[in-house]
Amino acid sequence: MIFEVTILGSSSATPIYQRHPTAQVLHINERLFLIDCGEGTLIQMNRYKIKFHRINQVFISHLHGDHYLGLMGLISTMHLQGRTAELHIYSQPELEEIVMIQLKHSQTDLRYPLVFHTIDPNSPAVLFEDEELRVKSIILSHRIPCTGFLFSEKPRQRKLNKETIRKYDIPVDAFDSLKQGSDYTGPDGRKIPNAELTLDPKKPRSYAFCSDTIYDEGIVQHIHGVDLLYHESTFLSDKEDRAKETFHSTAAQAAQIARKAGAKKLLIGHFSARYKSLYPLLDEAKAVFENTSLATEGDRFTIE
Ligand SMILES: [Zn+2]
Ligand SMILES: [Zn+2]
C-alpha cells in the first residue's frame, strides 16, 4: 500500500526560477490529500499527472498567500468539471470568509458541498481520522497563526499465518480475534499461542509537514520518530538573524529539528527567492542531518 508525497511547490513568497509556492500531495492507499495550495497548484497537478478530483481533504497551514492563493482556482475548476463529492478544507477560520466572498461576487453556486473545518492555532488536535489514518495539527511559531500536520497510519491488525492456520485447522470464526492478538482456544480446550498463528503487521508510517516557522524545539515532542519530516528552510545560516526576524528557519535549523526528533528522513523546502542554486542549503542541512533531500518539484518521496 502506497504512502508517498509529491512536491508541487517549494518556493517561499513568490514563484521564481521555475519554483512554485508551497503545495504537496500526499498519496496514502489510493487517497489523495492536498497540503497547502500556493499559486499555480492546479497547473502543477496537471504537469505531474495528479488526479485532483480524487482529493477530498485539503489542509492549509496558514493564510500567507504563498500557501493558499491557488485554492480558489482549484475550487472553481472542480465546480466547472462537475464535481459532486464534498470537499473538506482544514484551515484557520478566516479562510472560509475569503473563499465565500469570491463565490458570492462571482454568483457561483457550487455543484458540490464545501465543508470548512476550523483549526485551533493554539492547541494541537486531531483534525481528521478514519479506520486507517489520523491527521493531527502541529502548532508552529510564525508571524500569523500557523499549523503543521502530522499524518500517521494507525497500527494494523496482525496478519494470519496461512501455513499454521492450515496446519492446525483453525476455523474461520476465530480469525478476527487472532488478528487482534488473542491466543486460540479450541472447543476441545487446546490452546495455541497467537505468535504461532499470526505474523507482525507492517509498521505504521508517518509524515510530518512543518510549514512556516521560526526554529522551535517545541515541535520535537509532537513529531518524535517520524518517518519523513518536511521542514521549511527559507535561509542559509548566514541569514539566521533574518530568519528569526521573519519567523522562518535556516536549513541547518531544520536539520537540528530532524535530529532532535529522531526523524528517519528530512525534506527541506520553502526556499527564499535569493537562492538560485539550492545545493548550499542542502549542504548545510546535511552537515547536521545526513539523510536530507531537497523538496524539488515533481519529486516523489515514498515511505516503505
Ligand atoms: Zn510561506
Ligand atoms: Zn508564512
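Strands are DSSP runs of E with at least two residues, helices are runs of H or I with at least four, and both are numbered from the N terminus. The legends below use those element names for a predicted model.

**Figure 1. Overview of the chain.** The chain holds nine helices and 18 strands. Its C-alpha trace spans about 75 × 50 × 35 Å along the principal axes. Of the 304 residues, 53% count as buried.

**Figure 2. Asn29 sits in the loop between β2 (23–28) and β3 (31–37).** Its phi is positive, about 45 degrees, although Asn29 is not a glycine. Most residues other than glycine have a negative phi. Asn29 counts as buried because its relative accessibility is 13%, and the cut-off for buried is under 20%.

**Figure 3. Gln107 is found in the loop between α3 and β6 (114–118).** Here too a residue other than glycine has a positive phi, near 50 degrees for Gln107. Relative accessibility is 75%, so Gln107 counts as exposed.

**Figure 4. The zinc ion (ligand 2) has four protein donors.** They are His62 (NE2), His64 (ND1), His142 (NE2) and Asp212 (OD), at 2.1 to 2.3 Å. In sequence the donor residues follow the spacing H-x1-H-x77-H-x69-D. His62 lies in the loop between β4 (55–59) and α2 (71–80), and Asp212 in the loop between β14 (206–210) and β15 (228–232), so this pair ties together parts 150 residues apart in sequence. Both His62 and Asp212 are buried. The donor atoms subtend angles of 90 to 167 degrees, which makes the arrangement irregular. A tetrahedral assignment would need all angles between 85 and 135 degrees.

**Figure 5. The zinc ion (ligand 1) is coordinated by Asp66 (OD), His67 (NE2), Asp212 (OD) and His270 (NE2).** The distances run from 2.1 to 2.2 Å. This site is irregular, with angles of 91 to 168 degrees among its four donor atoms. The donor residues are spaced D-H-x144-D-x57-H in sequence. Two of them link distant parts of the chain: His67 is in the loop between β4 and α2, and His270 in the loop between β16 (265–269) and α9 (279–288), 203 residues apart. His67 is buried, as is His270.

**Figure 6. Asp212 bridges the two zinc ions.** The zinc ion (ligand 1) and the zinc ion (ligand 2) lie 3.5 Å apart. Asp212 contributes OD to the donors of ligand 2 and OD to those of ligand 1.

**Figure 7. Cys146 and Cys210 do not form a bond.** Their sulfurs are 9.3 Å apart, and for each cysteine the other holds the closest cysteine sulfur. That is too far for a bond, since a disulfide needs sulfur atoms within 2.5 Å. Cys146 counts as buried because its relative accessibility is 1%. Cys210, at 0%, also counts as buried. A search of the whole structure finds zero disulfides.

**Figure 8. Helices α2 and α3 (residues 94–105) cross.** Their axes come within 11 Å, at a crossing angle of roughly 50 degrees. The two helices are therefore oblique to each other. Their crossing is right-handed.

Conventions. Residues numbered from 1 in each chain as written. Chains lettered and ligands numbered in written order. Predicted model: local features only at pLDDT ≥ 70, side-chain atom pairs only at ≥ 80, totals over all residues. Heavy atoms only, no water. Donors = N, O, S within 2.8 Å, 3.2 Å for Na, K, Ca; no water. Tetrahedral: all angles 85-135°; square planar, octahedral: opposite > 155°, others 65-115°. Buried < 20%, exposed > 50% of the residue type's maximum accessible area, 1.4 Å probe, protein only. Axes fitted to C-alpha atoms, helices over the stretch in contact; angles between N-to-C directions. Parallel < 35°, antiparallel > 145°, perpendicular 65-115°, else oblique. Left-handed = near helix turned anticlockwise from the far one by under 90°.
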